[in-house]
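This report walks through one protein model, moving from its overall division to its sheets and then to the places where its helices meet. Please keep the structure open beside the text while you read.

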Amino acid sequence: MMSNDAAVSIGDGVYWIGGDDRTATIFEGAFPIPEGVSYNSYLISSKDTTCLLDTVDASIASKFWKNLRTTMGDRKLDYLVINHMEPDHGACITQVLEAWPDVTVVGNSKTFTMLENFYHVVPKNRMEVKEGDTLTIGDHVLKFYFAVMVHWPEVMFTYDETTRMLFCADAFGTFKAMSGALYADEMDFDRDYLEEARRYYSNIVGKYGSKVQAVLGKLKDVPIEMLCPLHGPIWRRDLGYIIGKYDLWSRYEPEDKGVMIAYTSVYGNTGVVAEKLAHLLKERGVSNVVVHSMTTEHTSYAVSDAFRFSNIVFAATTYNNNLHPTMSATLEDMENMAVQNRRYSVIGNGSWAPQADRLIEERVSKMKDMTKVGETLVIKSSLAPEQIPELEKLADDIAASMR
Ligand code: FEO
């Protein structure tokens, strides 16, 4: 159990020092977080040595300091391990250096360059580690595994050989603040957090699937009993569940058979076709169908469902002889996050010179291993009654592709 007002012992001499932020509405200046986000920092407090692993975002600094001070008492901090330099975890580093100027800061060469670039500080005591190096903190032996580009180049994971905890930076984290639970097994993760975990992964790390695969491979024989990420719940049971999701997502394999229809509509007519197609797919027994209006929804939701589902339908309007800007942004984000290995279908609209279908194809051709399903449907302003059989045929083809 947890409380936002106190540090929590999570194992032999290890404490969680973190908290929720329900006030922020945007993450990294880009992603809406309507349900907030949490930040985790960890403290190893052995008989004669103390070691903090990462800090937190500035938004919860006062919570962090209260919990850290309460747990530390009047002890001094001996080590600060920086697994990830992004400011949502590094915002309190300079305060830590001010509080304990003799602390030894542990990181790799990239960590220290970033520390200087962000905060213009050079710690008095630095310990630069390399892959596989170890550090003894009392009766804890920490081993460092580099996790390059999961999510930044300096990222490393710290494995505590004593407790078998893996402090895994952004990996296995999620958007969404926690509600009274600290461990994934204390919540219905699948029902309440999986969507936000997927949206977090696909939009933050999604581009670097091969890097995620590399680190999963590196750790496959390491006996891990707890995953301690920098966002979201700690995993102490059923670790295979979340590791399995990361394995699928990073191999760009669909998680579920299903269809994501992403559409843009100026006056609602393309939207009508998208909704009708969703209905026709349901009639054909496709259980997973999700429709996203890209004119009102943030692209991160479509990117997330592109990682989830086997099939994507792009439906868009021509605009200024180009692709409607919201569909253009959606496709750009999908390209950026390396969406690949999916079946796709195309619906274009244009009132006098339809271009959207051709432009969608052009953009999809930049993604790897995309397989077209069905014939492109082009409408002029709105779906003509005589085109309904074409739409039905498209639904037949999509449903057939999933069998
Ligand atoms: Fe949560 Fe890459 O920082």
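The domain assignment of the protein gives two parts, domain 1 covering residues 8-250 and domain 2 covering residues 256-398. The model is a predicted one, and its description can begin with how these parts are placed. When the centres of domain 1 and domain 2 are taken over C-alpha atoms, they are separated by 38 Å. The contact between them draws 16 residues from domain 1 and 11 residues from domain 2.

**The sheets**

In general, the strands of a sheet pair through backbone hydrogen bonds, and this pairing can be either parallel or antiparallel. One sheet in this model is an open one of seven strands, which follow the order 1-2-5-6-7-8-9 with mixed pairing. Its edges are formed by strand 1 (8-11) and strand 9 (125-128), each of which pairs on one side only. Going from one strand to the next, the twist of this sheet averages 25°.

Within the seven-stranded sheet, strand 6 (residues 50-53) and strand 7 (residues 79-81) run parallel and are joined by three bridges. To find this pairing in the model, look for leucine 53, which stands opposite valine 81 of strand 7. A helix also lies against the sheet: helix 1 (residues 61-72) packs on it and touches strand 2 (14-21), strand 5 (37-45) and strand 6. The direction of helix 1 makes about 160° with that of strand 2.

Another open sheet has five strands in the order 10-11-12-13-14, and here too the pairing is mixed. Strand 10 (134-137) and strand 14 (226-228) are the edge strands of this sheet, each pairing on one side only. The average twist from one strand to the next is 25°. Inside the five-stranded sheet, strand 11 (residues 140-146) and strand 12 (residues 156-160) run antiparallel, with five bridges joining them. Phenylalanine 146 has methionine 156, in strand 12, as its bridge partner.

**Where helices cross**

Two helix pairs can be set out side by side, with the approach of their axes and the angle at which these cross.

| Helix pair | Axes come within | Crossing angle |
|---|---|---|
| Helix 6 (residues 194-205) and helix 8 (residues 239-250) | 11 Å | roughly 40° |
| Helix 10 (residues 299-308) and helix 11 (residues 325-336) | 9 Å | roughly 50° |

How should the crossing of helix 6 and helix 8 be classed, as oblique or as roughly parallel? Angles under 35 degrees count as roughly parallel, and the axes of this pair cross at roughly 40°, so helix 6 and helix 8 are oblique to each other. Their crossing is right-handed. On the side of helix 6 the contact is made by Leu194, Ala197, Arg198 and Tyr201, while helix 8 contributes Tyr241, Lys245, Tyr246, Trp249 and Ser250. Sorted by class, the residues in this contact are six nonpolar, one polar and two charged.

Helix 10 and helix 11, whose axes cross at roughly 50°, are therefore oblique to each other as well. The crossing of helix 10 and helix 11 is right-handed. Helix 10 takes part in the contact through Thr299, Ala302, Val303 and Ala306, and helix 11 through Ala329, Thr330, Asp333 and Met334. By class, the contact of helix 10 with helix 11 consists of five nonpolar, two polar and one charged residues.

Key
Residues numbered from 1 in each chain as written. Predicted model: local features only at pLDDT ≥ 70, side-chain atom pairs only at ≥ 80, totals over all residues. Heavy atoms only, no water. Axes fitted to C-alpha atoms, helices over the stretch in contact; angles between N-to-C directions. Helix = DSSP H or I, 4+ residues; strand = E, 2+ residues; numbered from the N terminus. Parallel < 35°, antiparallel > 145°, perpendicular 65-115°, else oblique. Left-handed = near helix turned anticlockwise from the far one by under 90°. Contact = heavy atoms within 4.5 Å. Nonpolar A, V, L, I, M, F, W, Y, C, P; charged D, E, K, R; others polar. Pairing = 2+ DSSP bridges. Domains from an automatic or database assignment.
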